[in-house]
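Subject: Structure handover

Hello,

Here is the structure you will be working with. Please open it next to this message and follow along as you read.

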Amino acid sequence: MIMPELMIEAQDLRRNFSSKEAVAGISFTTRRGEIFGLLGPNGAGKTTTIRMLTGQIDPSSGSAVVAGCDVVKERTRLKERIGVVFEEQNLYERLSARLNLQFSCWLYGLPESRVDEVLDLVRLRDRAKDKVRTFSNGMRQRLMIARALLHCPPLLFLDEPSRGLDPISAREVRQTIKQLSDAGTTILLTTHLMDEADQLCQRVAFIVNGRLVANDTPRNLKLAHGQRALLVTLAGDPGSQNGNSALCEMTLSLDDPADQQRLATWMTQDKVRAIHSREATLEEVFIEVAGVRPA
Amino acid sequence: MHIRSILAIARKDALDILLNKATLTLLLTPIFLAVLFVVIGALLGSHTTNALVYNPGKSGVEQIINSAFSDIKITYANSPGNVAATFGPDGTHKNTSYALGLVVPADFDANLRAGGHPQLNLYVDGSQVGNVQSQLLLRALTDYARSVANPQPPASITVATVNPPSPANNDLQDIGQVYSTAILLSSFLVGTSLVPGLLAEEKEKKTLRMLMVSPASFSDVVAAKLLVGLVYQLLLAMVALGIKGGYTGEVPLVLLFVLLGSCFSVSLGLLIGSIFQTTTATGAFSGMISFIYILPIFFVGPFVQLLGSNPFTQLIKVLPTYYIADGAINAIQGQATFSATLLDVSVILASIVLLFLVAVWSLRRQAAVVSTI
């Protein structure tokens, strides 16, 4: 199976639910092998976009080609080329981890030997015989990733993969995602966790009210939209007149003439002990670009 | 439709049903009821049936009487006259310790094989043996004769009934025949509860969304639920009926009504599953309509004579399950007539088709929005 260079090509995708426009004409592309993040607050249209791209619902207008398949006309072929990890943990809780995966093998007509391979990948082999209802949230999430990977899809959709996970479980899930990306799987991930996107994604797009408001690498977005700032460590409190000897830290904007003046003053007073550049966070960029908080 | 997907989902469901305490209890209920009826029947009706038999040629026909009663004591008579004198002529009232009498000619089997029409004389004490039981015995004797002389014409059998019961008493004596029908009808609750439960759980737990991005289509999911529901329903109905000893009378017809009832049950289940979205709602609704399987039992078989004709007995006939009960009990009692069976089968088939079409219409509407579930 030869995969195209562009794994997702969305063109002016729109989706209406009754009178509400959930997705209002978004266009983007995802290259083979990259982790692409679709970021936005709850209700921004991320999940609806994923549903359209995975063939679960038809777009009201626009078109999309995913893994070389038209999402409306070639739905059967599309389903064999994608893996989807849903926002909600939809596993068969009374069945064991192995049976959950065996069931997917039966559905896709795969040899059951694949079960052990994916269980190894998500580090759940030793819990294979245990019922899913005894699993922690993180283990369930990893099992859902394993299920989505059974048929070796070249493109994986992850909808809020760290939602509701404790920091350790979230870290384990992120490790698995990185591992998959290193192995060449293209990943489209939706999240409202900006740190997660910053750590994982090669490119991110911000979606607000069903519209894409930015689409670039996290680095470029930070450079283009983030505030240029310095973190200055000073000897003593700069506001104090009695010569307090404790150290304190101040953030100064390089674009603010007042801050520039203050820095020059402290330099001449020999108060500056250290200067560090301070990069904007993706969350700050999002707030500036979108005008809303991510969650 | 993809056979692979249907079989995969059915296989998963078949396993999941057994791992789910609620559905496992549902499955075991008809078996439990059948065993309960058998135990109660044994406790209440554990009396010995005395039979007086004249069978000098040791014909195998005697085995028919032996197998027709759970606890039978056979006494051998010296002559046919001895049996005739013990019972007396047909229709007379006479105190006798024997429930049955049978006179078998010495060369009965050989005469049958030679193409003759040997005479069997059956004597029945109507105060001890009910009309239906007597009819079933007569049928079994005829079948025996056919099995010996097939394709020759069977033996001629004359029946003399002493102490004939009043119609009401006779019907009450045959009430035991209703138990098998009751077990069969109550077992149909399984399909009606199981199929919607399976469908609703996929929606409720959001696993349906996972299936919708797999090679399975919504039709595959529905077909798999129907398949697994029908298989479990058929197995349970047949096992429960077997435990209660319901395979009497017209056995092929009994099996036909088991099949039709099972199809009706899962079709109704499919309709419920197409309407409700949660297991709680489907469970509650299935429980609420369980009366449609229970109520008709009191309006068929011996109860028909007891209740007579009144508006309620007519009203009950709007329920398709009445025709399942009527067809099944007639088949079990070996009293099915062609016209009655044709009416029962037609009504049940029409109901199945109607339920299925409405369910499919409802599910097609749902399929359009399935991903939003």
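Below is what was found in it, part by part. Please keep in mind that this is a predicted model.

Chain B overall

Chain B has 373 residues, 43% of which count as buried. Its secondary structure consists of 18 helices and five strands. Along the principal axes, the C-alpha atoms of chain B fill a box of roughly 85 × 45 × 35 Å. For contacts in chain B between residues at least 6 apart in sequence, 81% join residues at least 24 apart.

Where the chains meet

On the side of chain B that touches chain A, 20 residues are in contact with 20 residues of chain A. Two elements of chain B give two or more residues to this side: helix 1 (3–19) and helix 10 (207–212). Helix 1 of chain B gives the most, with eight residues. By type, the residues on this side of chain B are eight nonpolar, five polar and seven charged.

Nonpolar cores

In soluble globular proteins, nonpolar side chains tend to be buried together. Here the largest nonpolar core has 144 residues. Among the residues with the most contacts inside this core are A:Leu39, A:Phe157 and B:Ala328. Helix 11 (residues 218–244) of chain B provides the largest share of the core, 13 residues. A second core, separate from this one, has 30 residues, including B:Ala51, B:Leu52, B:Val83 and B:Leu122.

Leaving aside residues up to four places away in sequence, B:Ala328 touches B:Thr181, B:Leu184, B:Val254 and B:Phe257.

A buried strand in chain A

Is strand 8 of chain A mostly covered or mostly open? Strand 8 (residues 186–191) is mostly covered, with six of its six residues buried. On one side the buried residues are A:Thr186, A:Leu188 and A:Thr190, and on the other they are A:Ile187, A:Leu189 and A:Thr191.

Strand 8 of chain A pairs with strand 3 (residues 35–39) of chain A in the parallel sense, over five bridges. In that pairing, A:Leu39 has A:Thr191 as its bridge partner. Strand 7 (residues 155–159) of chain A also pairs with strand 8 of chain A in the parallel sense over five bridges, and A:Leu155 stands opposite A:Thr186. Strand 7, helix 6 (residues 167–182) and strand 8 of chain A together make a right-handed β-α-β unit.

Two antiparallel sheets in chain A

Strands of a sheet pair through backbone hydrogen bonds, either parallel or antiparallel. The two sheets below are antiparallel.

One is an open sheet of four strands in chain A, in the order 2-1-4-5. Its edge strands are strand 2 (20–31) and strand 5 (69–70), each of which pairs on one side only. Strand 1 (residues 6–17) of chain A is joined to strand 2 of chain A by nine bridges; within this pair, the bridge partner of A:Ala10 is A:Phe28. Helix 1 (residues 46–53) of chain A packs on the sheet and touches strand 1, strand 2 and strand 4 (61–66) of chain A. The direction of this helix makes about 120° with that of strand 1 of chain A.

The other is an open sheet of three strands in chain A, in the order 12-11-13. Why do strand 12 and strand 13 each have one side without a neighbour in the sheet? Strand 12 (247–253) and strand 13 (272–278) of chain A stand at the edges with a single partner strand each, so one side of each is left without a neighbour. From one strand to the next, the twist averages 20°. Six bridges join strand 11 (residues 229–235) of chain A to strand 13 of chain A, and A:Leu234 has A:Val272 as its bridge partner. Helix 9 (residues 257–268) of chain A packs on this sheet, touching strand 11, strand 12 and strand 13 of chain A.

Two residues with positive phi

Most residues other than glycine have a negative phi. A:Glu160 is not a glycine, yet has a positive phi of about 50°. A:Glu160 is found in the loop between strand 7 and helix 6 of chain A, and counts as buried because it has 22 C-beta neighbours inside 10 Å. B:Lys206 also has a positive phi, near 65°. B:Lys206 is in the loop between helix 9 (189–204) and helix 10 of chain B. With 15 other C-beta atoms within 10 Å, B:Lys206 is partly exposed.

Regards

Terms used: Residues numbered from 1 in each chain as written. Chains lettered and ligands numbered in written order. Predicted model: local features only at pLDDT ≥ 70, side-chain atom pairs only at ≥ 80, totals over all residues. Pairing = 2+ DSSP bridges. Axes fitted to C-alpha atoms, helices over the stretch in contact; angles between N-to-C directions. Contact = placed C-beta atoms within 7 Å. Buried ≥ 20, exposed ≤ 12 C-beta atoms within 10 Å, placed from the backbone. Right-handed = clockwise from strand over helix to strand, strands pointing away. Nonpolar A, V, L, I, M, F, W, Y, C, P; charged D, E, K, R; others polar. Core = buried A, V, L, I, M, F, W, Y, C linked by C-beta atoms within 7 Å.
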